[in-house]
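Visitor: I should like a close look at a single part of this structure, namely its salt bridges. Please describe the partners and their surroundings in one connected account.

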Amino acid sequence: MAALLNFATAQCCNSQAHPAITNTTNLFFNTPNNVGTSCSSSFSSLNYFSSSKLTLKRSTRNSFITSNHSQNPSSSSSISPEISSDEKPLRIGIVGFGNFGQFIGKALIRQGHSVLATSRSDYSEYCQQNGIEFYNNIDSMCEEQPDVILLCSSILSTETILRSIPIHKLKSDTIFADVLSVKQFPRNLFLEILPSEFGIVCTHPMFGPESGKNGWDALPFVYDKVRISEKSLQERKCQQFLSIFEEEGCRMVEMSCEEHDRHAAGSQFITHTIGRILSHLDLESTPINTKGYETLLQLTENTVSDSFDLYYGLFMYNVNATEQIENLDRAFETVKQKLFGRLHDILRKQIVERVPLQGSPQRPREVNAPPTFLPNSEKMKDLSSFAIPPPPASTTSTSQDNNNNNGGVATQRKESLVPGGRSQ
């Protein structure tokens, strides 16, 4: 029985070349002809038919190992419903072959896939040296019908580029993917422009040529399978595409586009904003750098190495960025208020100690208190207290007369300007 099952499995994968065997296999599994030509559908029937004999085990590469317990384990074969060992390498077309496109392209080559590239600039010499097919225009590349179209363009130019792609030249199950730093924007564009049969995968490697130059181990790779046909060749190719980044060591994070943009605004956008602010301070290394200061210098260097268009795109095409700008502004104002509020308290205390407020209890003067040139606080009624004192009264009666003539207002006694406001 096991030998028969293995024979049927092998013939299924070769059904395109052997129609007669395809019909025999379809009769054996009692499946329609149009389903029998699909290896994944036949694999599903095979697993269901022999569920009592076969078990599925996940390997470290997220593939499944199908083994017959009655056979020698060393002779087990890999027939993953998602990725099988005999899958053909993908043909991946990169649109926008700048710094980041080349960075991603190297990994695709390392994983054994064919890479096609097109860009506004001429990278034909670079591609020739690295085993990549370069095309001067996107029409020529699409005529090669790649399995995956990977957009590595800037955020600002994405819509223009996507609308210029001749999708009528592509296969109907072509998968479109992007690596933009925002996710809701490209997802909505894909859904609006691409035909319904095209696959859509929104991805964001949370690293770049600088942070990923020493390898991608444990670096997060976010993806959202927006529209992929289930149990189809398109699904297997999608999984094959995502496995490239997993094989490179990335920490795979499946997340919706909305959730990604919410997190990115609070992390990536804030990081770029702080880096841009620091770049305007012209910070320089010193002989006494602290670890924290060196981190700020590195942050500034990494941030300004990216184009301002990237930073502007993070702000313009992420609906959460404006809120983060406002939060950052409020946080800075709060810190300033704490600083100046404490400074105000200190200054006010010093002023009050020198010149007590009217109505406040008088502190006893210290014997050895430093001299002051201000009048005694008890005599400081208004600005006239600082004027030259009036001439002395001749007699008590004259003082009384002046008191009556002035409407009951007593004339100020003569006070010397002796430091401390003491009378002679």
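Guide: A salt bridge is here a side-chain nitrogen of Lys or Arg within 4 Å of a carboxyl oxygen of Asp or Glu. The model is a predicted one, and a search of the whole structure finds 14 salt bridges. One of them joins the side chains of Glu-210 and Lys-213, with an N to O distance of 3.0 Å. Glu-210 is partly exposed at 42% relative accessibility, whereas Lys-213 is exposed, its relative accessible area being 54%. Salt bridges with shared partners also unite Arg-91, Glu-133 and Glu-144 in one network.

Two further pairs link distant parts of the chain. In one, the side chains of Glu-143 and Lys-169 meet at 3.2 Å, N to O. Glu-143 lies in the loop between α7 (138–142) and β7, and Lys-169 in the loop between α8 (158–164) and β8, 26 residues apart. Glu-143 is exposed, with 52% relative accessible area, while Lys-169 is partly exposed at 22%.

In the other, a salt bridge of 2.8 Å, N to O, connects the side chains of Asp-147 and Lys-171. Asp-147 belongs to the loop between α7 and β7 and Lys-171 to the loop between α8 and β8, with their positions 24 residues apart in numbering. Asp-147 has a relative accessible area of 9% and is therefore buried, the limit being under 20%. Lys-171, at 25%, is partly exposed.

The strands β7 and β8 that these loops precede are neighbours in an open sheet of 8 strands, ordered β6-β5-β4-β7-β8-β9-β10-β11 with mixed pairing.

Key: Residues are numbered from 1 along each chain as its sequence is written. This is a predicted model: local features need pLDDT of at least 70, side-chain atom pairs count only at pLDDT 80 or more; totals for chains, interfaces and linings use all residues. Side-chain values use heavy atoms; hydrogens and water are left out. Two strands pair if DSSP finds at least two bridges between them. Helices (H or I, at least four residues) and strands (E, at least two) are DSSP runs, numbered from the N terminus. Buried means under 20% relative accessible area, exposed over 50%, partly exposed in between (1.4 Å probe, protein chains only).
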